[in-house]
Structures are given as C-alpha cells and as structure tokens.
Amino acid sequence: MLLIACPWCGPRPEMEFRHAGEAHLARPADPAAVSDAAWAAYLYERSNPRGEHAERWRHLHGCGRFFNARRHTLTDRISATYKPGEAP
Ligand SMILES: [Zn+2]
C-alpha cells in the first residue's frame, strides 16, 4: 500500500486520497481575451512526463484539503508533498 503524506494530517493510506490533475496550471487572468485555441490548451492539454511530475491531490477521506505532490510516474514514489502556494 502506498502511503501519502498529507501536509496537514501526515502519512495516510492512498485510499484516502484522490488525484486531482496536474499542479501549477495558471488560469488566464481574462479568459474572454484569449483565443479559443489557447483556452482549449488551458482546459485540456497536460504534460505527460516520464519521471518526476507535480500533481494536485485531495485528502478526500481526511481533512478534505487540496495539496501538491511530486510523484515519479514510473515508480509511483512520492518524493515531496507541499501546501498550495508553497514552492515545489
Ligand atoms: Zn489531510
């Protein structure tokens, strides 16, 4: 079983968490001002690296908060978790 360290609750079983996509995506400040292609890219285009990846996770069956994690996509090893707004 994979243990994930919630920044607020500490290490917990992976079953308490839900993956919430790629981290550090910047929403356009004025969505009406961007092109359809740029808006579609913001909504749907994601990196798919082989290796370390910054992801958002939610401690769904715990504190309910979102946080970020650096996970290796091949090994599932999580090297760091940190609160939103903190540096990776
Ligand atoms: Zn938590």
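Which residue forms a salt bridge with arginine 71, the closest N and O atoms being 2.5 Å apart? In this predicted model, the partner at that distance is aspartate 76, a residue that is partly exposed, with a relative accessible area of 38%.

**Salt bridges**

Arginine 71 has a further partner in glutamate 55, and in that salt bridge the closest N and O atoms are 2.7 Å apart. The contact links distant parts of the chain, since arginine 71 belongs to strand β5 and glutamate 55 to strand β4, with their positions 16 residues apart in sequence. Glutamate 55 is buried, its relative accessible area being 1%, and arginine 71 is likewise classed as buried, at 14%, because both values fall under the 20% limit for that class. Through these shared partners, Glu55, Arg71 and Asp76 are joined by salt bridges into one network.

The count of salt bridges comes to three, and another of them is formed by the side chains of glutamate 52 and arginine 70, with an N to O distance of 3.5 Å. Glutamate 52 is part of strand β4 (residues 52–58) and arginine 70 is part of strand β5, so this pair ties together parts of the chain that are 18 residues apart in sequence. Glutamate 52 is partly exposed at 34% relative accessibility, and arginine 70 is partly exposed at 25%.

The salt bridges are set out below.

| Acidic residue | Basic residue | Closest N to O distance |
|---|---|---|
| Glutamate 52 | Arginine 70 | 3.5 Å |
| Glutamate 55 | Arginine 71 | 2.7 Å |
| Aspartate 76 | Arginine 71 | 2.5 Å |

**Aromatic contacts**

Two aromatic pairs are counted in the model. In one of them, the rings of phenylalanine 17 and phenylalanine 67 have centres 5.8 Å apart and planes at 85°, so the arrangement is edge-to-face, given that planes over 60 degrees apart are assigned to that class. This pair links distant parts of the chain, with phenylalanine 17 in the loop between β2 and β3 and phenylalanine 67 in strand β5 (residues 66–72), 50 residues apart. Phenylalanine 17 is buried, having a relative accessible area of 9%, and phenylalanine 67 is also counted as buried, with a relative accessibility of 0%.

The rings of tryptophan 39 and tyrosine 42 have their centres 5.2 Å apart, and their planes meet at 35°, so this pair is described as tilted. Both residues belong to helix α1 (residues 36–44), where a spacing of three residues places them about one turn of the helix apart. Tryptophan 39 is partly exposed, with a relative accessible area of 25%, and tyrosine 42 is also partly exposed, at 23%.

An aromatic ring takes part in a contact with a charged group as well: the charged end of arginine 56 sits over the ring of phenylalanine 66, at 4.4 Å from the ring centre.

**Nonpolar surface and the start of the chain**

On the surface, Met1, Leu3 and Met15 form a nonpolar patch that together has about 400 Å² of accessible area. Methionine 1 is located in the segment before β1 (3–6) and is exposed, with a relative accessible area of 70%. Methionine 15 lies in the loop between β2 (10–13) and β3 (18–22), and this residue is exposed too, at 61% relative accessible area. Both methionines are placed in the exposed class because their values are over 50%. A backbone distance also relates methionine 1 to glutamate 14, whose C-alpha atoms are separated by 7.0 Å although the two residues are 13 residues apart along the chain.

**Cysteines**

What does the disulfide count come to in this structure? The structure holds zero disulfides. A disulfide is a covalent bond between the sulfur atoms of two cysteines. Cysteine 9 is partly exposed, with 26% relative accessibility, and cysteine 63 is partly exposed as well, with a relative accessible area of 33%.

Technical notes: Residues are numbered from 1 along each chain as its sequence is written. This is a predicted model: local features need pLDDT of at least 70, side-chain atom pairs count only at pLDDT 80 or more; totals for chains, interfaces and linings use all residues. Side-chain values use heavy atoms; hydrogens and water are left out. Patches are made of residues with over 30% relative accessible area and no salt bridge: like charges are joined within 9 Å, nonpolar side chains (Val, Leu, Ile, Met, Phe, Trp, Tyr) within 5 Å. Accessible areas come from the Shrake-Rupley method with a 1.4 Å probe; for residues, only the protein chains shown count as cover. A salt bridge is a side-chain nitrogen of Lys or Arg within 4 Å of a carboxyl oxygen of Asp or Glu. Helices (H or I, at least four residues) and strands (E, at least two) are DSSP runs, numbered from the N terminus. Buried means under 20% relative accessible area, exposed over 50%, partly exposed in between (1.4 Å probe, protein chains only). Rings of Phe, Tyr and Trp (its six-membered ring) pair if their centres lie within 6.5 Å; planes under 30 degrees apart count as stacked, over 60 as edge-to-face and the rest as tilted. A charge sits over a ring if NZ of Lys or CZ of Arg is within 6 Å of the ring centre and within 35 degrees of the ring normal. A disulfide is a pair of cysteine sulfur atoms within 2.5 Å.
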